[in-house]
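Work through these short exercises with the sequence and the 3D view open. Try each task before you read its solution.

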Amino acid sequence: MSSRRNFLQKLTLSAVSIPFIPGFETKSMNVMNQKPDQSTLLRVAIMGLGSYGTRVAEAMVDSKKAKLVGLISGTPSKITAWQAKYNIPEKNCYNYENFDAIKDNPDIDAVYIITPNALHHPQTLRVAAAGKHVICEKPMALNAREGREMVEACKNAGVKLLVGYRMHFEGNTLEVIRMREAGAFGEVKFFQGLSGFKIGDPTQWRLNKELAGGGAMMDIGIYSVNGARYMVGEEPEWVTAQETKTDPVKFKEGVDETIMFQFGFPSGVVASCLSTYSMSNLDRFFLNGTEGYAEMQPSTGYGPIKGKTHKGPLDKPHITHQTVQMDRMAEIILEGDTAQVPVDGEEGLKDLIIIDTIYKAVKTGKKERIKLG
Ligand code: NAD
């Protein structure tokens, strides 16, 4: 590990662990904002300049280790506006037809795919074939079959595949995991995950099965699927699930409005979760054990993440999730670092296997075994 990285890590740690003191933040942020050598920066092209792509680009401005250097979009006017805003050279701009040529561009290390869900699989295969690392948004793909192909393609191409699980780097989330691992909750017995929002425009891609691969489960329910795993610290081995639909016009066949699902874990922990597109601001995690509890609300939104445990409030400082994510992903890709809670393709694939099994359980009405192996 380089001494510069040690230094940066210490800075990050101290910024995370020191409570807010007037004056401290400005001073430390000034130091933290000093960018390292260009040679150690992860040079990223964003594919899909939509609403989340915009958020990631803004957050990357403050990243010490990743830099937006390229654009891939089907809308020339967006490219022009982003080029001006982020000072992106013409030679690093592509559209969806010609981006395979990125293989001949030595100034781009990785492509961050932030397009509708159905495009993640074909675009990942093309980026991997071009020899560039892939960061892909959640859900990684429409189903486990696609996910396996993506993992395989990136492995064969010798590039890394990471999934945009920003919560895996969030301070309060990591604190609850730390407490659980230290035994603070005693024997963990129960997790509850509630994930949902009221979806608007009925014409958007999120309500189109072809582009979204499903409904609320693919988009927001996945936070409770993924969260159940990192909060409990085990992999679920069975699931039961029930679907309800109050608006079959808006939520067509194959587009789930609300699904309740229950997991069983090897140690006997059980989880009860809800995924919905028809309740506002539903974003709550609750973990209970024989000696204590943690509750977080909001638990997966853009933050600040708030919550408390039986020992008191969760008070790690809020740092823009996508800034921390890009710093850590640069360390993973460029320095071979690992994430405490994994963010690799195998991790994305596990969620897809579980979601496939949830959909199966909805259909069969039975308790279905989850086969992650
Ligand atoms: P969006 O609709 O705002 O943006 C999608 C972008 O893809 C647009 O720029 C659009 O022009 C482009 N696009 C390319 N081909 C398209 C096609 N055939 N149809 C429609 N659009 C096409 O969506 P978004 O909210 O930015 O979501 C993009 C991805 O990011 C999704 O996979 C979503 O799940 C994920 N996301 C993740 C988070 C997170 O917190 N990690 C948050 C929001 C979205």
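**Exercise 1. Confidence**

What is the mean pLDDT of the protein, and what percentage of its residues reach 70 or more?

Solution. Start with the source: this is a predicted model. Its mean pLDDT is 92. Of its residues, 90% reach 70 or more. Next, go element by element. Strand 4 has the highest mean pLDDT, 99. Helix 2 (residues 24-32) has the lowest, 35. Then scan the start of the chain. Over residues 1-36, pLDDT stays under 50. The model has 29 contacts beyond four places in sequence for this stretch.

**Exercise 2. The open sheet**

Find the order of the strands in the open sheet of 6 strands, and say which strands stand at its edges.

Solution. Read across the sheet: the order is 3-2-1-4-5-6, and the pairing is parallel. Now look at the two ends. Strand 3 (93-94) and strand 6 (161-163) each have a single partner strand, so one side of each lacks a neighbour in the sheet. These two are the edge strands.

Move to one pair inside the order. Strand 4 (residues 110-113) and strand 5 (residues 133-136) are joined by 4 bridges, in the parallel sense. Within this pair, Tyr112 faces Ile135 of strand 5. Last, add a helix. Helix 5 (residues 117-129) packs on the sheet and touches strand 1 (42-47), strand 4, strand 5 and strand 6. Its direction makes about 160 degrees with that of strand 5.

**Exercise 3. Two partners for strand 7**

Does strand 7 run parallel or antiparallel to strand 11, and parallel or antiparallel to strand 10?

Solution. Recall the rule: strands of a sheet pair through backbone hydrogen bonds, either parallel or antiparallel. Take strand 11 (residues 282-289). It runs antiparallel to strand 7 (residues 188-196), with 8 bridges between them. One bridge to locate links Gly193 to Phe285 in strand 11. Now take strand 10 (residues 270-276). It runs parallel to strand 7, and 7 bridges join the two. Here, Phe191 has Ala271 in strand 10 as its bridge partner.

**Exercise 4. The setting of Asn92**

Is Asn92 buried or exposed?

Solution. First place the residue: Asn92 lies in the loop between helix 4 (76-86) and strand 3. Then check its relative accessible area, which is 2%. The cut-off for buried is under 20%, so Asn92 is buried. Now list its contacts beyond four places in sequence: Val69, Gly70, Leu71, Asn105, Asp107 and Ile108. Finally, pick out Asn105. Its side chain and that of Asn92 are joined by a polar contact of 2.9 Å.

Methods:
Residues are numbered from 1 along each chain as its sequence is written. This is a predicted model: local features need pLDDT of at least 70, side-chain atom pairs count only at pLDDT 80 or more; totals for chains, interfaces and linings use all residues. Side-chain values use heavy atoms; hydrogens and water are left out. Two strands pair if DSSP finds at least two bridges between them. Contact means heavy atoms within 4.5 Å. Axes are lines fitted to C-alpha atoms, for helices over the stretch in contact, and angles run from 0 to 180 degrees between N-to-C directions. pLDDT is the predictor's confidence in each residue, from 0 to 100. Buried means under 20% relative accessible area, exposed over 50%, partly exposed in between (1.4 Å probe, protein chains only). A polar contact is a pair of N or O atoms within 3.5 Å; within protein, one must be able to donate a hydrogen and the other to accept it, and residues adjacent in sequence count only if both atoms are side-chain atoms.
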